[in-house]
Every structure is written in structure tokens, then in C-alpha cells.
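Hi,

Here is the structure I promised to pass on. Have a look at it first, and my notes follow below.

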Amino acid sequence: MSSLTQRIQDWTVRREAAAVGLAQQLVRIPSENHPPSGDEAAVQAYYAEYMAGIGAEVHVYELSEVEGLTSHVSYMAGRNYEGRPNVYGRFAGKGGGRSLVFSGHADTVYRGTEQWTYGPFSGEIVDGKLYGRGSYDMKGGMAAAICAVQCLQELGVKLKGDVFVESVIDEEHGGANGTLAGRLYGPHADMAIIPEPTNLRINPAHLGGGIWKAEFAGKSGISFNGEVLVSALEAMVQFAGLLRRFEVRLNELYTPPIWWSADRRLTVVALTMLSGDTTREFQEKVPATAEMNFWIEGYPGMTGKQIIEELWKFYEEQLDAIPELKVCRPIITPKIRYLLASEMGDSESVKQFLDIVGRTGHAALGRDPGPAVGTPFACDGFMFNVYSSTPALVLGPAGENAHAPDEYMNLASYSELIRWYAHIIADWCGMAEDAGGEAQ
Ligand SMILES: [Zn+2]
């Protein structure tokens, strides 16, 4: 084991309480997103203060200050960003090295209405698991990035390139405008890591996806007089079945790129269904309105427009067998901007970076970190990979129950991630000569 590896490992043992405390503190500051608004302000202020406290040059800015944001092709209108700043800290290097940005979202999804065993903002630790909304997605990964910087600082490792830690707003619920703002405003780094939870897997590619709404309008009533009624509810139920079959079609049309295993399937998921007057217990009529939201995934290169065109084509083909959908056709509209899937590409610098990530994974974890794969989820990585010149890797902690009750991060993986990040930073950004032989 090299001396730096040993010293990083010792640091994570010696400073474990402080490192865990930071992740815990971030979980205890609620930052729920509830479009069109969100409550990220308090946690953003905490990031700013914490990073300033460990020597970062801190930038806090409102999205309204970002030139070219609202006219950008991938900007999604309709959200309110007042009082919800983006934050980033710059840990300046001595010069002559490559820069790296850790970029994560400050917001979390809503705590939900289901019962939690440990409170959603308790930050409670039980059996090596840190519980709470955002512990896994993705305050844990962000805390690990900050701790990795702090670790190298405290070990006296001087870096050549700059390290940035960026906390953006509004990523959940198809947001990603915060990430886009960061690409326009800066920092503009040579490489990015998105600490979304990947269970310590190396993800140079991520899935995309979109949420759409299908609205059905029929004719309500009870036929006393032979009038022809049209049940929007029946049409919606038939449409839900059609979506199940469309999933099969979609996977015949698109096979997974190399990052995903050959048996990986794109999923089509019903999210919500509403019909009739839900405010009254008794209803004795065919409902005239129905609407459902659904999610469809995509691989890099696919667009939301393409997916919906395929869906309509499939719909027309099925019509003879489904009279309900013939008389009651839905209006399908996107609920969010389609989140593109993306990949880092295969430039020389991406190859070098992935080589470092693989190699340092061995050193930091003491085992093979496994092959580079594609994420099983969509995220904001496309704002880097598609709309900026900074390729982004997705790499984060292990845990479970993202977006669900009892979300937790596995603390053993947190410690491993800090070690891994510290190694990646030292290797990628480069260690300055005057580190007194410490940095070998
Ligand atoms: Zn996330």
C-alpha cells in the first residue's frame, strides 16, 4: 500500500465522526423540492458557510443572474427560482494541473405520506446506516466530496489543479435547470463527478427519461334513454394496458448500448391515474374525465419526441382491437422536459480519467471496483455531457430506498467513497512538487 493510500485510510478512521457528522447535518436540513418552488435555501447556505470555513472561494448566485439560461434550448420553463441560489466552492490549486468539479443537487424529493421508521430528517444512525431524506440521494455523496477535499488538506497534500464542489438546485422532478445554470455560469472544469448514489459503481453513462400526461375526455352519465356514453376511465385503463405492451415494442426497437447489460430493458411505468369526482364517495355515473402520468426511459441518442412518435404509431396499430381507445383518444403532453440519456464519450482525457478512477478504486477499496456500467436511472448528467465541454462520471455511495420511506446511506460505503474521491482528486488534479515527499 502506498503511503498516501495508508494516510488517506487513516484519516477516514481518525476523522470518521466529523465526516459522518457532516452528512448527518446535511440530512437534518430539509431541502424538499415541490415544483414550481423548492426549499433549498437553508442547505445551500450551509454548504456555502461550511466550504468557506475550510478555505474555499465560495460563489453564491441566483439563476436569474445567469446569462443565456432561460433562452437555452434545454431550459425548462415554469419553475420559480427566487431565493433558491446555486452554490459552488473553489479549492484553488497551485496551477498546472487538471481541474475537477463534484456537482450534486441540493434538493430532495418530498418526504412522502408513508410512515418512516426513523424520521425523514432525523439523520439517525442504526446498524451502520444513516437514515433520512437525501442521505442516499444525494447529500451523502456531496458530503463525501467535501470530506475528500478536507482529507487531502489535512494531510498537507497540495494540488496543482482546482477542485470545485457545486451544489445545484432543482434537479428532482425533471428540473436540471440548476445544473444547466452551473454549466453556463461556471465552474468550467476539465472533468466532473456527479455523486448520485451508484452503490460505488463506475457509471460513465446514464439513462434518460420523461414524464408525460395522457388526458381522456368522454361523455358522462347513466344511460336511461339509450344515450351513448363514453367512459374516460375505461379508455385510460385500456391505455395503461397498451403502455405495458409498448414497453415490449420499445425494447424491440432499441437495444442497450455497451454500458448496459444485454438483458437490460427500458421501462415504461404508470405513475398516477385519476378519474371521476374523487371528492364524493358515491358516484353512479360513467366518468367523463381521466388522466394518467407515465414515465418512459431512454438510452443515449433517443429523444422524447421520438419516443412519443413511436408510442402513437403503436397506438394506431392497436386500435382495431381496442374500441375504447378509438372513441376516446388521449391528448398526450410532456409533464417535464425530456431528460436526455448521455455518456462521457471516448476522448483521450476521458480515457485517462476512467483509467485513474479504476486504478484508484483498487487502491481505495482494496478490491476490484468492477467494470464501468450505465446507471439504472436518469439524472442531470446530460447537462454536462451534452451541453458543456465537461464530461461527467456518475459515482456515489451505497444505500437504499431513494425517493421512498427509510431512505438510507450505507456508512461503510461513505467512508470508502471519501477515500476513493481523495485518490481520484490527487491523481487527476496532480500533486504539487512541494508537498514535501508527502504526496507519494
Ligand atoms: Zn438524485
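Let me start with two residues you may want to find: both His105 and Asp137 are buried. Keep in mind that this is a predicted model.

What do they do here? Both sit at the metal site: the protein donors of the zinc ion are His105 through NE2, Asp137 through OD, and Glu196, which is listed twice through OE. These donors lie 1.9 to 2.5 Å from the zinc ion. Along the chain, their spacing reads H-x31-D-x58-E. His105 belongs to strand 5 (residues 100–105) and Asp137 to helix 4 (residues 135–154), so this pair ties together parts that are 32 residues apart in sequence. As for geometry, the angles among the four donor atoms run from 55 to 144 degrees, and the site counts as irregular. The tetrahedral label would need all angles between 85 and 135 degrees.

Now for the sheets. Strand 5 is part of an open sheet of six strands, ordered 3-4-8-5-9-16 with mixed pairing. At its edges stand strand 3 (57–61) and strand 16 (392–394); each has a single partner strand, so one side of each is left without a neighbour in the sheet. On average, neighbouring strands here are turned by 20 degrees against each other, ignoring direction.

If you zoom in on strand 5, you'll find it running parallel to strand 9 (residues 191–194), with three bridges joining the two. Phe102 has Ile193 as its bridge partner in strand 9.

Two helices to look for on this sheet:
- Helix 4 lies across strand 4 (86–91), strand 5, strand 8 (163–168) and strand 9, at about 150 degrees to strand 5.
- Helix 11 (residues 411–429) lies across strand 5, strand 8 and strand 9, at about 140 degrees to strand 5.

There is also an open sheet of four strands, in the order 6-7-18-17 and with antiparallel pairing. Strand 6 (125–126) and strand 17 (399–400) are its edge strands, each pairing on one side only. Strand 6 and strand 7 (residues 129–131) run antiparallel and are joined by two bridges; Ile125 stands opposite Leu130 in strand 7. Helix 2 (residues 16–27) packs on this sheet and touches strand 6, strand 7 and strand 18 (408–410), with its direction at about 25 degrees to that of strand 7.

Helix 4 turns up again here: it lies across strand 7, strand 17 and strand 18, running at about 50 degrees to strand 18.

Cheers

Key
Residues numbered from 1 in each chain as written. Predicted model: local features only at pLDDT ≥ 70, side-chain atom pairs only at ≥ 80, totals over all residues. Heavy atoms only, no water. Donors = N, O, S within 2.8 Å, 3.2 Å for Na, K, Ca; no water. Tetrahedral: all angles 85-135°; square planar, octahedral: opposite > 155°, others 65-115°. Buried < 20%, exposed > 50% of the residue type's maximum accessible area, 1.4 Å probe, protein only. Pairing = 2+ DSSP bridges. Axes fitted to C-alpha atoms, helices over the stretch in contact; angles between N-to-C directions. Contact = heavy atoms within 4.5 Å.
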